Amino acid sequence: MVRVAENGVVAARMAMEALGWATGLTIRLSVSSRLLVVAPCDSRGQASVPPKMSLTMPARLRAQCRIRPGDQVLLAALVEHDLLVVYPQHVLHEMVTAYHTELASTPHRTAAK
């Protein structure tokens with residue numbers, strides 16, 4: 001979990017290092033299912049990985065994902081897909097709530113005594 005700065009920057013070093021991404025790598029940012037998805041690209045991308053290994057999320061994409069300055073977001077390195085996914089708070093809340101609803105509706109066995 002990282003906090004979004006006023007300018008849309010988040011610290012992403014750990015996630016980028018887990019992916020094996022290096023400074024200068026050209027990346028493409030897009031929105032899919034209310035998540036910000038970052039992927040390396042061969043052609044001219046929208047951005048590149050800076051020396052500080054941070055991620056600058058453009059205001060237009062943040063708005064589409066309902067990410068505001070000061071929010072905390074989850075950065076997930078999907079190593080097997082070579083993607084960095086940014087999960088906004090409201091999406092995490094919905095995912096956890098749905099999981100708990102399903103868990104509560106599942107019959108549970110009591111432990112044998």
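This is a short walk through the sheet, the helix packed on it, one buried aspartate and the two cysteines of a predicted model.

Let's begin with the sheet. Six strands make up an open sheet with antiparallel pairing, and their order is S1-S7-S8-S4-S3-S5. At the edges you will find strand S1 (2-3) and strand S5 (47-48), each of which pairs on one side only. Helix H3, residues 89-105, packs on this sheet and touches S4, S7 and S8. If you compare directions, that of H3 makes about 85 degrees with that of S8.

Strand S4 is a good place to stop and look around. This strand covers residues 35-40 and is mostly covered, with five of its six residues buried. On one side its partner is strand S3 (residues 26-32), joined to S4 by six bridges in an antiparallel arrangement. On another side, S4 pairs with strand S8 (residues 83-87), again in the antiparallel sense, over three bridges. As a general reminder, strands of a sheet pair through backbone hydrogen bonds, either parallel or antiparallel.

You can follow the register across these strands residue by residue. Starting from S3, serine 30 stands opposite valine 37 in S4, and valine 37 in turn has valine 85 of S8 as a bridge partner. A second path starts at valine 31, whose bridge partner in S4 is leucine 36. Leucine 36 then stands opposite valine 86 in S8. It may help to keep in mind that in a regular strand the side chains alternate between the two faces of the sheet.

How do S3 and S4 connect? They form a hairpin with two residues between them. In that turn, serine 33 has a positive phi of about 55 degrees, so this is a nice spot to check on a backbone torsion plot.

Moving outward from S3, strand S5 is joined to S3 by two bridges, and the two run antiparallel. Here threonine 26 stands opposite serine 48 in S5.

Next, turn to aspartate 71, which is found in the loop between helix H2 (59-65) and strand S7 (72-78). Is this residue buried or exposed? Aspartate 71 counts as buried, because its relative accessibility is 10%, and the cut-off for buried is under 20%. Its side chain reaches the backbone nitrogen of arginine 68 at 2.9 Å. Not counting residues up to four places away in sequence, aspartate 71 touches Val2, Arg3, Val4, Arg66 and Gln89.

Finally, consider the cysteines. How many disulfides does a search of the whole structure find? The search finds zero. Cysteine 41 is in no disulfide, and the nearest cysteine sulfur, that of cysteine 65, is 18 Å away. For comparison, a disulfide calls for a pair of cysteine sulfur atoms within 2.5 Å. Cysteine 65 is likewise in no disulfide, the nearest cysteine sulfur being that of cysteine 41. Both residues are buried: cysteine 41 has a relative accessible area of 13%, and cysteine 65 has a relative accessibility of 1%.

Conventions: Residues numbered from 1 in each chain as written. Predicted model: local features only at pLDDT ≥ 70, side-chain atom pairs only at ≥ 80, totals over all residues. Heavy atoms only, no water. Buried < 20%, exposed > 50% of the residue type's maximum accessible area, 1.4 Å probe, protein only. Helix = DSSP H or I, 4+ residues; strand = E, 2+ residues; numbered from the N terminus. Polar contact = N/O pair within 3.5 Å; in protein donor to acceptor, adjacent residues only side chain to side chain. Contact = heavy atoms within 4.5 Å. Pairing = 2+ DSSP bridges. Axes fitted to C-alpha atoms, helices over the stretch in contact; angles between N-to-C directions.
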